[in-house]
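Visitor: Could you walk me through this model? I'd like to start with the overall picture and then go into some loops.

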Amino acid sequence: MNGQAPQHHAARVEAAIASGQAARSALVASWRRSSRLHHLDPSGRGLPKRLTEAELREARERIAPLLAAARGAMDRLYQAVGAAGCCVLLADGEGVPVDRRGTPADDATFQSWGLWTGALWSEEHEGTNGIGTCVVEQRPLTIDRDQHFFTRNTLLSCTAVPIYDHEAAFAGVLDVSSCRADRTDAFSSLIALAASEAAKRIEADMFRRAFAHARIVLTPAADGQCGGLVAVDADDLVIGATRSARVGLGIGLGVAPGRPLRPVPAADLLGGDIAHEQLASGQRAVLQRALLRAGGNVSAAAKALGVSRATLHRKLKRFELSH
C-alpha cells in the first residue's frame with residue numbers, strides 16, 4: 001500500500017457509515033458496529049491482541065468436542081487450499097482461533113498478521129473481519145481485502161463458515177484466510193464451497209459422537225440442499241437433530257439452541273416409505289449387534305439397549321430375529 005492508502009480506506013469507511021448505507025448493506029452495518037458500538041478507528045495500527053497460553057488452554061478445553069471432531073476435516077481442507085497460500089483456522093464462539101493448519105514457509109507471515117491461535121478476532125477487537133463478523137451474523141461470508149474495517153487488514157481475504165453443535169447451538173467458526181494478492185473470485189468461490197463442506201462434516205461428526213448409541217438417519221434433502229441428521233433411539237423416538245434437520249423438518253423451532261429436543265416418534269416425523277425403510281434396516285442391524293454382543297441373552301441385550309425385556313421381545317418378533 002502507498003502512503004495515502006491508509007487515509008483513503010479510513011475515509012471510505014467513515015463516508016459509507018455516514019451515508020446511511022448500513023440499512024442496505026450488511027458490510028456497512030458491520031463497519032458501523034465496529035465504529036459506533038466498539039469505538040474502533042479504521043486507521044488503527046496495533047496488532048490483534050492475544051490470549052495468554054493459560055487462557056488459550058482453557059478456551060481449547062471448553063470446546064474439546066469441537067476440536068476433536070474438526071481435526072480430520074481441517075486436515076483435508078488444508079490439503080486442498082494450503083498450497084495456494086491459505087491457512088485454515090478453527091475459532092471458538094468468541095472469535096478466538098484455537099487450532100490452525102498452515103504451510104511452515106508461510107507461518108511467519110500469518111503470525112505477523114495475527115492469523116494465529118489465541119488472537120482475538122471478534123468484531124469488538126478487530127472490527128469487520130471473516131471470523132468476527134461470522135460470529136455476529138452466524139452465516140457463511142467472505143470479507144475480502146478492503147472490506148475489512150482496519151486498514152492494516154486490507155491485504156487479507158477471509159472466508160468463514162459457522163459451525164453448529166449437536167443441539168443446534170452456535171459452536172464456532174471455520175475460516176480460510178489468505179494474504180496473497182492473486183486470489184481470484186473463482187478461487188474464492190471454490191474456497192467457500194470447500195469450507196462449507198468441511199463445516200458440514202465437522203457438524204456431522206460432532207452429532208454422531210454425541211449420539212453414539214442411537215441410530216443416525218439422514219433426512220431427505222430439500223431444494224438441492226444437503227439433508228440433515230436425526231438420532232433415533234431404541235424406542236423409535238427422535239431424540240436429536242442437527243440444525244439443518246430441524247430447519248428442514250420444522251422441529252425444535254420453539255426450543256432454544258443448545259437445549260435437547262422433546263422426543264418425537266420417528267414414524268410421525270419422517271413418515272413415508274423412506275423413513276420406514278431407513279428405520280427398519282437400521283433397527284434390525286442394531287438388534288442383531290446387541291444380541292451378538294450379549295451372546296444371545298435377551299435380558300442382557302435389552303439392558304444394553306436401554307429397553308425393557310418385553311419391548312425387545314416385540315422387536316425381535318417384528319423383525320423375525322431368533323435368539
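Guide: A word on terms before the loops: helices, of at least four residues, and strands, of at least two, are DSSP runs, and they are numbered from the N terminus. Please keep in mind that this is a predicted model.

Visitor: Fine. How many helices and strands does the protein have?

Guide: There are 13 helices and nine strands in the protein. Of its 323 residues, 47% are buried, and among contacts between residues at least 6 apart in sequence, 57% join residues at least 24 apart.

Visitor: Now the loops. Where does Asp235 lie?

Guide: Asp235 belongs to the loop between S7 and S8, and it counts as partly exposed because its relative accessibility is 40%. Beyond residues up to four places away in sequence, Asp235 touches Val307, Thr311 and Lys315. Its C-alpha atom is separated by 9.5 Å from that of Leu312, although the two positions lie 77 residues apart along the chain as a sequence separation.

Visitor: And Asp236, is it buried or exposed?

Guide: Asp236, found in the loop between strand S7 (229-232) and S8, counts as buried, because its relative accessibility is 18% and the cut-off for buried is under 20%. Its backbone also deserves a look, since phi of Asp236 is near 60°, a positive value in a residue other than glycine.

Visitor: What's the usual sign of phi, then?

Guide: Most residues other than glycine have a negative phi. Ala168 is another residue to check here, with a positive phi of about 70° although it is not a glycine. Ala168 sits in the loop between strand S4 (157-164) and strand S5 (170-178), and with a relative accessible area of 9% it is buried.

Visitor: Switching to rings: how many aromatic pairs does the structure hold?

Guide: The structure holds three aromatic pairs. One of them joins Tyr164 and Phe170, whose ring centres are 6.1 Å apart and whose planes meet at 70°, so the pair is edge-to-face. Both Tyr164 and Phe170 are buried. Another pair is formed by Phe207 and Phe211, with ring centres 4.8 Å apart and planes at 45°, so this pair is tilted; both Phe207 and Phe211 are buried as well.

Visitor: What lies over the face of Tyr164?

Guide: That is Arg243, which lies over the face of Tyr164 at 4.2 Å from the ring centre.

Visitor: And Thr242, which residues is it in contact with?

Guide: Leaving aside neighbours within four places in sequence, Thr242 is in contact with Phe207, Gly228 and Leu229, and Phe207 is a member of the tilted pair just described. Thr242 is found in the loop between strand S8 (237-241) and helix H9 (243-249), where it counts as buried because its relative accessibility is 7%.

Visitor: Let's move to the loop between S3 and S4. What does Phe150 touch?

Guide: Not counting residues up to four places away in sequence, Phe150 touches His9, Leu40, Asp41, Pro42, Gly44, His125, Glu126 and Gly127. From C-alpha to C-alpha, Phe150 and Gly44 are 6.5 Å apart in space, while they are 106 residues apart in sequence. Phe150 has its place in the loop between strand S3 (141-144) and S4, and with a relative accessible area of 5% it is buried.

Visitor: What about Arg145, which is also found in the loop between S3 and S4?

Guide: Arg145 counts as partly exposed, because its relative accessibility is 22%. Its contacts, with residues up to four places away in sequence left out, include Asn153, Ser157, Arg180 and Asp182. The C-alpha atoms of Arg145 and Ser157 are 5.2 Å apart, and the two residues are twelve apart in sequence.

Visitor: Last topic, pockets. How much space lies in the second largest pocket?

Guide: The second largest pocket holds about 400 Å³ of space. It is lined by 16 residues, of which His213, Val286, Arg293, Ala304 and Leu305 are the closest to its centre.

Visitor: Which helix gives the most to that lining?

Guide: H11 gives the most to the lining of the second largest pocket, with six residues. Helix H11 (272-293) and helix H12 (298-305) each supply at least two residues, and the lining as a whole divides into ten nonpolar, two polar and four charged residues.

Note on methods:
Residues are numbered from 1 along each chain as its sequence is written. This is a predicted model: local features need pLDDT of at least 70, side-chain atom pairs count only at pLDDT 80 or more; totals for chains, interfaces and linings use all residues. Side-chain values use heavy atoms; hydrogens and water are left out. On a 1 Å grid over the protein atoms alone, a cavity is a set of points where a 1.4 Å probe fits but cannot get out, and a pocket is an open set with protein on both sides within 12 Å along at least five of seven lines; lining residues have an atom within 4 Å of a point. Grid points are joined across faces, edges and corners, and a volume is the space filled by probe spheres set on the points. Ala, Val, Leu, Ile, Met, Phe, Trp, Tyr, Cys and Pro count as nonpolar, Asp, Glu, Lys and Arg as charged, and the others, Gly among them, as polar. Buried means under 20% relative accessible area, exposed over 50%, partly exposed in between (1.4 Å probe, protein chains only). Contact means heavy atoms within 4.5 Å. Rings of Phe, Tyr and Trp (its six-membered ring) pair if their centres lie within 6.5 Å; planes under 30 degrees apart count as stacked, over 60 as edge-to-face and the rest as tilted. A charge sits over a ring if NZ of Lys or CZ of Arg is within 6 Å of the ring centre and within 35 degrees of the ring normal.
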